[in-house]
Amino acid sequence: MMSSSLDKNKRSRGIRGRCLWCVNCVKWIPVLFIVTIVVWSYYAYVIQLCFLTVPNAVERVFYLLGYHALFIIFMWAYWQTIFTEIGRVPNQFRLPPSEVEKLAEADTEDAQRQVLERFAQNLPVTNRTVTGVRYCHKCQHIKPDRAHHCSVCGECVLKMDHHCPWVNNCVAFTNYKFFILFLGYALLYCIFIALTSLKYFISFWRVSILNELKEMSRFHILFLFFVSVMFAISLVSLFGYHCYLVLHNRSTLEAFRAPVFQAGPDKDGYSLGKYNNFQEVFGDNPKTWFLPLFTSLGDGVSYPQRLLDEDRDLLLGGASTAAGWGAPTAAVVSAPASARAAATSSSSVAVTIDDDEEDDEDDGEEEERLRRPPRNGMAGSAAASAGSATGLPRPRPALAP
């Protein structure tokens with residue numbers, strides 16, 4: 001009997017392994033589609049247009065140099081976006097087996113909250129749900145700020161933006177710069193092809209040219225123009241939207257569901273000004289801004305917060321020091337982006353458990369729950385009225401040490 005059960009287990013594991021292999025192969029289909037289009041466009045532009053259609057040698061050289069410069073940097077950015085490893089949650093956020101056992105044995109939500117609160121009190125987390133910081137049941141760890149669980153990758157990802165099937169990877173902290181550059185250079189690639197082939201696209205409708213050129217060459221160039229224009233139109237909106245997100249220091253998930261701080265949801269909680277927001281993604285060295293090299297600031301775990309630091313600085317006269325930042329808050333707000341990104345946030349207060357089943361790519365919180373006022377609503381109202389009377393921004397409640 002034992003041997004038969006072992007054989008069944010081996011067969012089931014073999015079936016699961018083959019199914020997983022098939023699923024992983026299917027995930028690469030969108031990437032193969034993009035690569036096929038790019039390879040065909042290379043053949044159509046270089047061979048059919050430049051070598052077989054363009055009569056002027058100077059014009060041909062100009063087209064080839066411009067095309068290959070865009071092609072190389074576009075494919076470089078695409079490669080980096082696909083094959084850069086996602087940012088994984090550090091081990092310090094993972095509950096040890098003893099704490100997981102205590103959590104499983106806890107009978108009430110308050111008991112679970114106490115178990116998690118003791119573990120999370122020294123972690124640099126400020127994002128929370130309505131009642132506390134976030135916990136992932138599947139990964140069994142506290143979620144760092146701006147981290148979310150991806151159902152496709154099967155784990156939590158640092159500063160997750162979205163999972164993109166066209167790159168078969170999560171777009172997140174480690175490759176967000178590469179993704180932006182990929183969109184930008186893909187747009188330039190399509191625009192360059194459309195503009196340089198427009199003259200011949202128009203000429204091909206003339207009878208004299210039609211008689212001189214082969215049918216196959218004419219098809220490639222006409223189709224090349226249509227495809228480049230079609231992709232350029234679709235890329236304009238996507239690239240523009242992500243430029244907007246970069247300048248406002250938001251991810252796609254945060255744009256649809258604002259991160260929740262102790263004072264409540266705030267879409268601009270991480271915004272430090274457009275230039276500083278740009279530097280957080282592209283770095284503080286202008287020479288590497290537009291190269292597909294990792295230059296983003298920070299560690300992907302902790303992020304400076306605009307309103308929290310500005311309000312503390314105004315209310316306390318710039319002499320306060322935020323816990324865990326190691327410098328006065330005035331220095332944090334006005335320091336260069338590299339110094340700000342190295343700073344870490346203080347630990348948060350109450351802890352709760354997120355339900356990732358509601359939304360595998362987000363925190364599992366319902367929209368109406370985010371709109372509810374925090375439990376310390378009376379204190380928040382008093383602070384808001386005090387801020388209105390003095391002309392100062394509404395302060396957030398102080399974080400527990």
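This section describes the fold content, nonpolar cores, aromatic pairs and selected loop residues of a predicted model.

The protein contains 15 helices and 8 strands. Of its 401 residues, 48% are buried. Among contacts with a separation of 6 or more, 66% join residues 24 or more positions apart. The protein exposes about 20,200 Å². Carbon and sulfur atoms supply 65% of that area.

The largest nonpolar core comprises 54 residues. Within this core, the residues with the most contacts are Tyr45, Tyr67, Tyr176, Phe182, Tyr189 and Phe282. At least two core residues come from each of α2 (29-51), α3 (57-83), α6 (176-203), α8 (215-247) and α10 (274-282). Helix α6 gives the largest share, 16 residues. Another core, of 23 residues, lies apart from the largest one. Its members include Val89, Leu116, Cys139 and Leu158. In soluble globular proteins, nonpolar side chains tend to be buried together.

Tyrosine 189 illustrates the packing in the largest core. Neighbours within four places in sequence aside, tyrosine 189 contacts Val38, Ser41, Tyr42, Tyr67, Leu70, Phe71 and Phe74. Tyr189 also belongs to a cluster linked by ring pairs. The other members of this cluster are Tyr42, Tyr45, Tyr67, Phe71, Phe74, Tyr78, Phe179, Phe182 and Phe192.

The structure holds 27 aromatic pairs. One of them joins phenylalanine 62 and tyrosine 63, with ring centres 6.0 Å apart. Their planes meet at 55°, so the pair is tilted. The two partners differ in burial. Phenylalanine 62 is exposed, because its relative accessibility is 53% and the exposed class begins over 50%. Tyrosine 63 is buried, with a relative accessible area of 9%.

A stacked aromatic pair is formed by phenylalanine 278 and phenylalanine 282. The centre-to-centre distance is 4.5 Å, and the planes are 10° apart. Both residues lie in helix α10, 4 residues apart, which is about one turn of the helix. An α-helix has 3.6 residues a turn, so residues three or four places apart point the same way. Phenylalanine 278 has a relative accessibility of 17% and therefore counts as buried, the cut-off being under 20%. Phenylalanine 282 is also buried, at 4%.

Helix α10 as a whole is mostly covered, with 7 of its 9 residues buried. Besides Phe278 and Phe282, the buried residues are Asn276, Asn277, Gln279, Glu280 and Val281. Glycine 283 follows α10 and has a positive phi, near 95°.

Nonpolar residues also occur on the surface. Trp28, Leu32, Trp79 and Phe83 form a nonpolar patch there. Together these residues have about 460 Å² of accessible area. Leucine 32 is placed in helix α2. Its relative accessible area is 53%, so leucine 32 is exposed.

Valine 167 sits in the loop between β5 (162-164) and β6 (169-171). This loop residue is buried, with a relative accessible area of 0%. Outside the four nearest places in sequence on either side, valine 167 contacts Val31, Tyr78, Thr81, Ile82 and Phe182. Of these, Tyr78 and Phe182 are members of the ring cluster. The C-alpha atoms of valine 167 and glutamine 80 are separated by 9.7 Å. Along the chain, valine 167 and glutamine 80 are 87 residues apart.

Two further loop residues stand out by backbone geometry. Most residues other than glycine have a negative phi. Arginine 146, not a glycine, has a positive phi of about 70°. Arginine 146 lies in the loop between β2 (141-142) and β3 (148-150). With a relative accessible area of 1%, arginine 146 is buried. Asparagine 249 likewise has a positive phi, of about 55°, although it is not a glycine. Asparagine 249 is located in the loop between α8 and α9 (252-256). At 3% relative accessibility, this asparagine is buried.

Definitions and conventions. Residues numbered from 1 in each chain as written. Predicted model: local features only at pLDDT ≥ 70, side-chain atom pairs only at ≥ 80, totals over all residues. Heavy atoms only, no water. Core = buried A, V, L, I, M, F, W, Y, C linked by side-chain atoms within 4.5 Å. Buried < 20%, exposed > 50% of the residue type's maximum accessible area, 1.4 Å probe, protein only. Contact = heavy atoms within 4.5 Å. Patch = residues over 30% accessible without salt bridge, like charges linked within 9 Å, V, L, I, M, F, W, Y side chains within 5 Å. Areas by Shrake-Rupley, 256 points an atom, 1.4 Å probe, with all protein chains shown as cover. Salt bridge = Lys/Arg side-chain N within 4 Å of Asp/Glu carboxyl O. Phe/Tyr/Trp six-rings, centres within 6.5 Å; stacked < 30°, edge-to-face > 60°.
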